[in-house]
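The following exercises concern the fold, the strand pairing and the charged side chains of one protein model. Please work through each task before reading its solution.

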Amino acid sequence: MKKIEAIIKPFKLDEVKDALHEIGLMGITVIEAKGFGRQKGHTELYRGAEYIIDFLPKVKLEIVCPDDMTERAIEAIMGAARTGRIGDGKIFVTPVTDVIRIRTGERGDDAV
């Protein structure tokens, strides 16, 4: 199993969720986040004063899926989240050694 963590633009969340649902992935955790990468934020004018916005709003998705679905999930996220502009985000993939469903005690792929 793999854990996929994706940092995306907030307005792309529904498209990514739909793309993951289409390939058969149902479970997803969504966390509102703020951050910056190479874009390093931006400046805005408010009532004549210039403000530096260091941390931009982002959404972090966490998905645990079987190894055979990992590439399809990554492609679905990339396809749905891509705008072609700076700040589209990142995807991190890490191995998961075990998953336990608390309610039933199921382990491994059955718990996902």
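**Exercise 1. Among contacts between residues at least 6 apart in sequence, what percentage joins residues at least 24 apart, and what are the overall dimensions of the chain?**

Step 1. Contact means heavy atoms within 4.5 Å. Among such contacts in the protein chain between residues at least 6 apart in sequence, 72% join residues at least 24 apart.

Step 2. Before going further, note that this is a predicted model, in which local features need pLDDT of at least 70 and side-chain atom pairs count only at pLDDT 80 or more, whereas totals for chains, interfaces and linings use all residues. Residues are numbered from 1 along each chain as its sequence is written, and side-chain values use heavy atoms, with hydrogens and water left out.

Step 3. The radius of gyration (taken over C-alpha atoms) is compared with a globule rule of 2.2 Å times the number of residues to the power 0.38. The protein chain has 17 Å, while a compact globule of 112 residues would have a value near 13 Å. Along the principal axes, the C-alpha atoms fill a box of roughly 60 × 25 × 20 Å.

Step 4. Buried means under 20% relative accessible area, exposed over 50%, and partly exposed in between, with a 1.4 Å probe and protein chains only. By this criterion, 29% of the 112 residues count as buried.

**Exercise 2. Which pattern do the helices and strands follow, and which strands pair with β5?**

Step 1. Helices (H or I, at least four residues) and strands (E, at least two) are DSSP runs, numbered from the N terminus. The chain has two helices and six strands, in the order β-α-β-β-β-β-α-β.

Step 2. Two strands pair if DSSP finds at least two bridges between them. β1 and β5 run antiparallel and are joined by seven bridges; I4 stands opposite I63 in β5.

Step 3. Strand β2 (residues 29–35) also pairs with β5 in the antiparallel sense, over seven bridges. Here T29 has E62 in β5 as its bridge partner.

**Exercise 3. How many salt bridges does the whole structure contain, and which parts does the D67 and K2 pair tie together?**

Step 1. A salt bridge is a side-chain nitrogen of Lys or Arg within 4 Å of a carboxyl oxygen of Asp or Glu. The search finds nine.

Step 2. In the bridge between D67 and K2, the closest N and O atoms are 3.4 Å apart. D67 lies in the loop between β5 (56–65) and α2 (70–81) and K2 in strand β1 (residues 2–8), so the pair ties together parts 65 residues apart in sequence. D67 is partly exposed at 46%, as is K2 at 27%.

Step 3. E62 and K3 form another salt bridge, with closest N and O atoms 3.9 Å apart. Because E62 lies in strand β5 and K3 in strand β1, this pair links parts 59 residues apart in sequence. K3, E5, K60 and E62 belong to a network of salt bridges.

**Exercise 4. Is K12 buried or exposed, and which residues does K12 contact beyond its neighbours within four places in sequence?**

Step 1. K12 is found in the loop between β1 and α1 (13–22). Its relative accessible area is 9%, hence buried.

Step 2. Leaving aside neighbours within four places in sequence, K12 is in contact with A80, A81, R82 and T83. A polar atom of the K12 side chain lies 3.4 Å from the backbone oxygen of A80.

Notes:
Polar contact = N/O pair within 3.5 Å; in protein donor to acceptor, adjacent residues only side chain to side chain.
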